[in-house]
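Visitor: Please take a close look at one part of this model, and start with a single charged residue. Then work outward from there.

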Amino acid sequence: MTVIEMKALAENSGILASGQAPDAGGLGAAARAEGPWTDLALHSIGWRAFQDLCSQVCEEVLHRPVEIFREAQDGGQDAVFLIPSNGGGATHIGSVQCKHSSNSSQHLKVGDLTPELEHVEELVAAGQAHTYVFMTSMSVDAPVALELRKKLRALGVKKAHVFGKQYLVRAIRSSARLRALVPQVYGLGDLSAILDQRLLQQTRALLDHWIPKLKVYVPTAAHRKSVKALNEHGIVLLLGNPSTGKSAIGAILSTIASEGQRHTVLNLTSPRDFDAAWNAHDPGRFFWIDDAFGSNVVREEYVQDWASTFRKVQAAISHGNRFLLTSRRHIYEAAMRRLGQRNLPMFIDGRAIVDVGDLSPSEKGQILYNHINFGSQTQSWKRSVKSHLEEVATIPEFLPGIAERLGDPSFTKSLAITKSELLRFMREPKEHLIDTINALDDPLRAALILVYVHQGAMPHNTIDASALSVVSELTGVPAPRIRDSLAELKGSFLRTAVVSGAETWSFAHPTIADALTSILRERPHFIAALLRGATIETILGSFVCEGMRSIQDAPTIPATLDDVLVARLSRIPDETSINWLMFRFLAERASDKVFERVVVADEEILRRESWASYRVSQDPKVLAHARAYRLGWLDEYDQDRSSTRLQETALSDFDLSFFEDEDILRLMPPQQVIALGIKLRSDALVEAPVRIATIAEDADLNDDPESHFENYSRGFDILEEFDGLDASTRRLIDEARQAMARAIEDIGERKEAKDKPDHAAEWSHMSPVAREQEAKPVAIRAPARRSIFDDVDR
């Protein structure tokens with residue numbers, strides 16, 4: 001949002017106090033926050049957010065347009081602004097350098113400017129440092145500021161300024177418009193120091209509930225569009241699915257509105273509340289109505305009330321009142337059809353509707369950073385995930401609400417700290433979806449189930465009559481209601497697509513089908529529908545056949561449904577990832593009869609390629625072959641391939657885990673077991689110290705030292721359990737264990753050296769760019785790109 005837009009909003013729309021005039025220092029003096037505000041936690045917001053804050057301070061306080069260079073173009077500046085001369089003649093270019101520290105008690109030292117001196121000289125020579133502003137989150141003592149200004153003037157800077165934390169806090173405290181531009185600051189200090197007694201008690205209590213979340217808030221494009229809509233139309237409707245941030249924007253804009261000297265914020269729950277609260281003679285009211293058309297389901301009485309109340313809303317807007325409404329997308333879609341032309345004109349044509357879920361990559365990154373940085377995860381956890389966060393933030397399905405869960409250890413207790421699991425957590429927020437779907441009204445949930453039993457692709461005009469009848473009977477919702485509900489889900493839970501030339505209903509995202517599976521499997525009479533409608537991955541990973549060992553939370557498939565199950569298994573695509581799941585299912589979850597029918601129907605199915613597991617004894621394909629051999633359905637060719645693989649993994653990786661599983665060991669003929677034992681004694685044990693040393697040289701220092709030698713450690717234990725080992729063999733094992741101990745110690749020392757903090761690399765810099773029409777590009781050395789997550793673990 002530009003200063004002009006915010007000023008117009010402040011003066012014309014009535015969100016902020018109007019009539020503010022800049023004082024001698026350029027700060028608005030008319031509207032100040034009540035009470036003392038001695039500090040802000042600027043050290044906690046991260047370097048990128050601090051840079052953006054500095055640029056907004058420049059625009060608001062200095063009344064100069066600022067453009068930011070992104071990090072890959074850094075030449076020592078962090079922002080460039082133009083300073084016209086007093087006579088209105090030549091235009092001088094000034095540079096701003098920002099330095100952020102995550103240490104709350106750190107004070108700026110004269111030496112902190114030393115790394116920048118070369119950049120300053122380049123900028124002065126290029127005519128880009130007539131004025132040089134040094135801004136930092138650290139405290140700045142007067143003697144230090146004086147010495148730094150001297151150094152800058154000695155390099156040719158005409159006007160040198162050094163602004164520290166105290167200056168920035170004073171600037172933020174003195175300008176409501178600045179707080180509107182950077183609303184995150186509401187969560188960095190004492191909110192009561194900003195809000196005054198004019199805020200009604202019930203809304204104040206509600207906003208107090210948002211205090212912990214305000215500091216993680218990121219002013220997105222949706223935030224700026226909302227302000228613009230309020231300025232132009234006096235009303236805005238925020239649409240989005242759960243966890244997209246609708247309520248956060250509502251809380252922020254209501255907080256800003258509460259600062260106005262003439263304004264009262266009212267948080268309402270229904271259109272009837274507005275009827276009771278509206279006063280034509282009070283133009284200073286800001287109405288915030290969350291879930292305006294219903295929270296989990298569309299409220300028919302709300303729709304009818306709004307149909308008659310919208311006329312009063314337009315009258316209230318003309319008297320200076322302002323409105324912010326929120327709604328889940330599918331609920332508003334249903335309400336919109338019911339309202340028809342009784343809807344507000346700016347809602348009908350979309351002028352005052354803002355899509356909250358449309359986030360830019362940089363917004364996603366800052367949102368994730370804030371939730372991790374301000375979340376309650378441990379510092380060691382943050383360090384562990386730090387290198388993966390950039391990729392997590394780029395996921396198209398990114399949701400702020402799921403990012404918030406990632407910052408809360410309550411939701412990540414069982415989450416493996418690996419890139420794949422972090423990505424999956426963000427891509428497949430199943431628990432979040434389960435809660436959302438369970439909260440839908442019965443017809444909407446039945447419509448989703450109907451699409452589900454059509455295996456996620458249901459033709460518009462040829463709905464399976466028997467499936468519709470079954471779903472209607474199971475849910476208790478009349479078939480016509482189910483059909484009518486499909487359209488209400490379009491754009492949120494469902495989408496339309498052309499499949500084989502026919503227009504079909506399908507899920508907006510595959511995880512919706514997964515969430516439905518979790519819901520339906522709690523209802524035994526839905527098992528048949530599940531088998532027909534669930535994805536094959538869900539069937540293979542979540543079900544167990546009757547008669548097999550029960551698995552917690554896994555629904556049991558009765559033997560009466562074997563025909564349905566085998567029909568689905570016979571259509572499994574030959575893909576590596578799915579084959580891994582299939583082998584696991586055949587090895588552990590399929591009944592003997594189902595196993596037999598599947599392998600007899602497709603004699604090539606046991607030869608499919610699959611991912612190899614870390615331990616051969618846990619490899620699903622090996623386990624499936626072992627079961628097939630035990631049941632008499634493994635041919636000689638497949639047995640020979642399995643035996644060869646076991647021998648190779650024993651000799652190359654020292655993985656002897658299969659010796660502990662008799663079913664797997666039977667895959668090797670006795671003579672091959674004997675031959676393997678001889679090779680282990682004559683080759684593998686003799687070469688073990690050299691191989692261990694090689695592993696140590698290539699070790700990943702991010703892993704625990706012992707983890708690199710798990711196969712050797714367990715393999716030595718297995719060998720020592722054999723009776724009758726001769727003394728020379730035991731000596732070889734002891735020598736290998738000693739080599740392993742030395743390797744672990746060596747890796748530990750290298751890991752400790754690597755993990756020591758590099759204080760010399762604490763700072764890095766970013767740079768702005770001058771407007772192309774007003775300054776020529778300057779060739780300045782550019783450092784490597786810096787990740788927004790660099791300091792998330794500090």
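**A charged pair and its surroundings**

Guide: Asp717 has a relative accessible area of 29%, so this residue counts as partly exposed. The model is predicted. Keep that in mind throughout.

Which residue does Asp717 meet in a salt bridge? The partner is Arg737, at 2.7 Å from N to O. Asp717 belongs to helix 34 (residues 710-720), while Arg737 belongs to helix 35 (residues 727-755). The two residues are 20 positions apart, and their pairing links distant parts of the chain. Arg737 has a relative accessible area of 23%, and therefore is also partly exposed.

The pair does not stand alone. Shared partners join Glu660, Arg714, Asp717, Glu720, Glu721 and Arg737 into one network of salt bridges. The count of salt bridges by the distance rule comes to 27.

Now turn to the packing of helix 34. Helix 33 (residues 670-697) packs against helix 34 at an angle of about 160 degrees. Their axes lie 12 Å apart. Angles over 145 degrees count as roughly antiparallel, so helix 33 is roughly antiparallel to helix 34. The crossing of helix 33 past helix 34 is left-handed.

Which residues make that contact? Helix 33 supplies Leu685, Ala688, Arg691, Ile692 and Ile695. Helix 34 supplies Tyr712, Phe716 and Leu719. The spacing has a general background: an α-helix has 3.6 residues a turn, so residues three or four places apart point the same way.

A second helix pair is useful beside this one. Helix 21 (residues 442-453) and helix 22 (residues 465-475) pack at about 140 degrees, with axes 10 Å apart. Why is helix 21 called oblique to helix 22? The roughly antiparallel class takes angles over 145 degrees, so the angle of about 140 degrees leaves helix 21 oblique to helix 22. The crossing of helix 21 and helix 22 is right-handed. In helix 21, the contact uses Ala446, Ile449, Leu450 and Val453. In helix 22, it uses Ala467, Leu468, Val471 and Thr475.

Back to charged pairs. Asp663 forms a salt bridge with Arg630, with the closest N and O atoms 3.9 Å apart. Asp663 sits in helix 32 (residues 662-665) and Arg630 in helix 30 (residues 620-631). They are 33 residues apart, and this pair too links distant parts of the chain. Asp663 is partly exposed, because its relative accessibility is 29%.

Another bridge joins Arg351 and Asp349, whose closest N and O atoms are 2.6 Å apart. Arg351 has 44% relative accessibility, so Arg351 is partly exposed. Asp349 has 46%, so Asp349 is partly exposed as well.

Helix 30, which holds Arg630, also helps to cover the buried residues of helix 28. The other elements that cover them include helix 26 (536-542), strand 14 (544-545), helix 27 (562-569) and helix 29 (592-601). Which residues of helix 28 are buried? They are Ile578, Asn579, Met582, Phe583, Arg584, Phe585, Leu586 and Ala587. Helix 28 covers residues 576-588. Its 13 residues should span 18 Å at 1.5 Å a residue, and its end C-alpha atoms are 19 Å apart, which agrees.

Helix 15 allows the length check to be repeated. It has 14 residues, 361-374, and an expected span of 20 Å. The end C-alpha atoms are 20 Å apart, which agrees. Of its 14 residues, 12 are buried, so helix 15 is largely enclosed by the rest of the structure. Among the buried ones are Glu363, Lys364, Gln366, Tyr369, His371 and Phe374.

One loop residue adds a further detail. Gly245 lies between strand 6 (235-239) and helix 10 (246-258). Its 24% relative accessibility is why it counts as partly exposed. The C-alpha atoms of Gly245 and Val218 are 9.9 Å apart, with their positions 27 residues apart in the chain numbering.

Last, the whole chain. The protein has 35 helices and 15 strands. Of its 794 residues, 52% count as buried. Among contacts between residues at least 6 apart in sequence, 74% join residues at least 24 apart.

Technical notes
Residues are numbered from 1 along each chain as its sequence is written. This is a predicted model: local features need pLDDT of at least 70, side-chain atom pairs count only at pLDDT 80 or more; totals for chains, interfaces and linings use all residues. Side-chain values use heavy atoms; hydrogens and water are left out. Helices (H or I, at least four residues) and strands (E, at least two) are DSSP runs, numbered from the N terminus. Buried means under 20% relative accessible area, exposed over 50%, partly exposed in between (1.4 Å probe, protein chains only). The expected span of a helix is 1.5 Å times one less than its number of residues. A salt bridge is a side-chain nitrogen of Lys or Arg within 4 Å of a carboxyl oxygen of Asp or Glu. Axes are lines fitted to C-alpha atoms, for helices over the stretch in contact, and angles run from 0 to 180 degrees between N-to-C directions. Angles under 35 degrees count as roughly parallel, over 145 as roughly antiparallel, 65 to 115 as roughly perpendicular and the rest as oblique. A crossing is left-handed if the near helix is turned anticlockwise from the far one by less than a right angle, and right-handed if clockwise. Contact means heavy atoms within 4.5 Å.
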